[in-house]
Amino acid sequence: MVVLGSLALHAISSSPRLHGSTSTSSSSSNYQDFSIKPLLLARRRALVFGSSLVVASLLNFHNLDSKPHSFFSAIAQEEDLQTEEDRVVYLFQLTSPSVVFIKDLELAKSPKNSSNNTTPNGDESARVEGTGSGFIWDKFGHIVTNYHVVAKLATDKSGLQRCEVTLVDSEGNSLNREGKIIGVDPAYDLAVLKVEVDGHELKPAGVGTSRNLRVGQSCFAIGNPYGYENTLTTGVISGLGREIPSPNGRAIKGAIQTDAAINAGNSGGPLIDSYGHVIGVNTATFTRKGTGVSSGVNFAIPIDSVLRTVPYLIVYGTPYSDRF
């Protein structure tokens, strides 16, 4: 209140002086009485009010409690909360169109001739064996996911395994396409699928870097846990340089640990930073023994490892390590 009173006084004292007219004519004198006196009166009242405000503030300063401070703090906190929520909403809207839903299907009978432009085989008797996530890598229809999401298709010898990818184009149109495996790297639990886009323009995910990540910074996971499409979870980076097992028994080094919830169906989806850039591929979670419930200890493959692997899978179908 001291500040408010001082500001009021300063604003008034810095206003220009009002000077009456020196004209002796009757009309000028009447005009002066009509316009200047009320202004002078208003100014005097404002001075008295401002002075009273300062005096009252000084007299009661020792009685001030934390209520005014708490009031303004509450307003500031509410504004900060709204800003934070708006930012998270924006990140989801920015990134979710680049996230895909992957279904592993097993046909009940021998596959018929089918087009890549339809859902797998168009067979309603196909059984869903598992679900996962992935994200659009480029505008040509390449999809990055985990190897373990499509392992059955990658090792299928019966010809009955299919992979259905649900995605949206840049205009928000939903598409169901058959995903064809382009390349796999079990050592890093990575795979690349290809879908035909038929002239639809896709929105690739923005790719960042995992080189400069810090423990404690915010991160966000988008995927399809338990089949619930486009699910967002939030958390922080809990640890760096972790080691987790890969599907071929080797160790994946440098994994990112996060407490952002990752459950069955999240595998292959993106872990993003506060700018909406992909910093990892969500891969694994520790569960409480006998419950299947996530312990909050979750892992993602760092995007720098993905950047080294995926181009080779797209071009050669095999990982970098198999070529050199």
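**A buried aspartate and a network of salt bridges**

Begin by selecting Asp-189, which is buried in this predicted model and yet takes part in no salt bridge, the nearest side chain of opposite charge being that of Arg-250, 13 Å away. Asp-189 sits in the loop that runs between β6 (180–185) and β7 (190–194). Show His-148 next, since the side chains of Asp-189 and His-148 make a polar contact at 2.8 Å. If the display is widened to the residues in contact with Asp-189, leaving aside neighbours within four places in sequence, Thr-145, Asn-146, Tyr-147 and His-148 appear, together with Pro-247, Ile-252, Thr-283 and Ile-301.

Move on to Glu-196 and Lys-194, which form a salt bridge whose closest N and O atoms are 3.9 Å apart; Lys-194 is buried, with a relative accessible area of 19%, whereas Glu-196 is partly exposed at 34%.

Then select Glu-106, Arg-127, Glu-129 and Lys-152, which are linked in a network of salt bridges. Within this network, Arg-127 pairs with Glu-129 at 3.2 Å between the closest N and O atoms, and Glu-129 also meets Lys-152 in a salt bridge, at 3.4 Å from N to O. Glu-129 belongs to strand β2 (residues 127–136) and Lys-152 to helix α4 (residues 151–154), so this pair ties together parts that are 23 residues apart in sequence.

Finally, zoom out to the whole protein chain, where six helices and 13 strands can be traced and where buried residues make up 37% of the 324 residues. Across the whole structure, nine salt bridges are found.

Conventions. Residues are numbered from 1 along each chain as its sequence is written. This is a predicted model: local features need pLDDT of at least 70, side-chain atom pairs count only at pLDDT 80 or more; totals for chains, interfaces and linings use all residues. Side-chain values use heavy atoms; hydrogens and water are left out. Helices (H or I, at least four residues) and strands (E, at least two) are DSSP runs, numbered from the N terminus. Buried means under 20% relative accessible area, exposed over 50%, partly exposed in between (1.4 Å probe, protein chains only). Lys and Arg count as positive and Asp and Glu as negative; His and the chain ends are not counted. A salt bridge is a side-chain nitrogen of Lys or Arg within 4 Å of a carboxyl oxygen of Asp or Glu. A polar contact is a pair of N or O atoms within 3.5 Å; within protein, one must be able to donate a hydrogen and the other to accept it, and residues adjacent in sequence count only if both atoms are side-chain atoms. Contact means heavy atoms within 4.5 Å.
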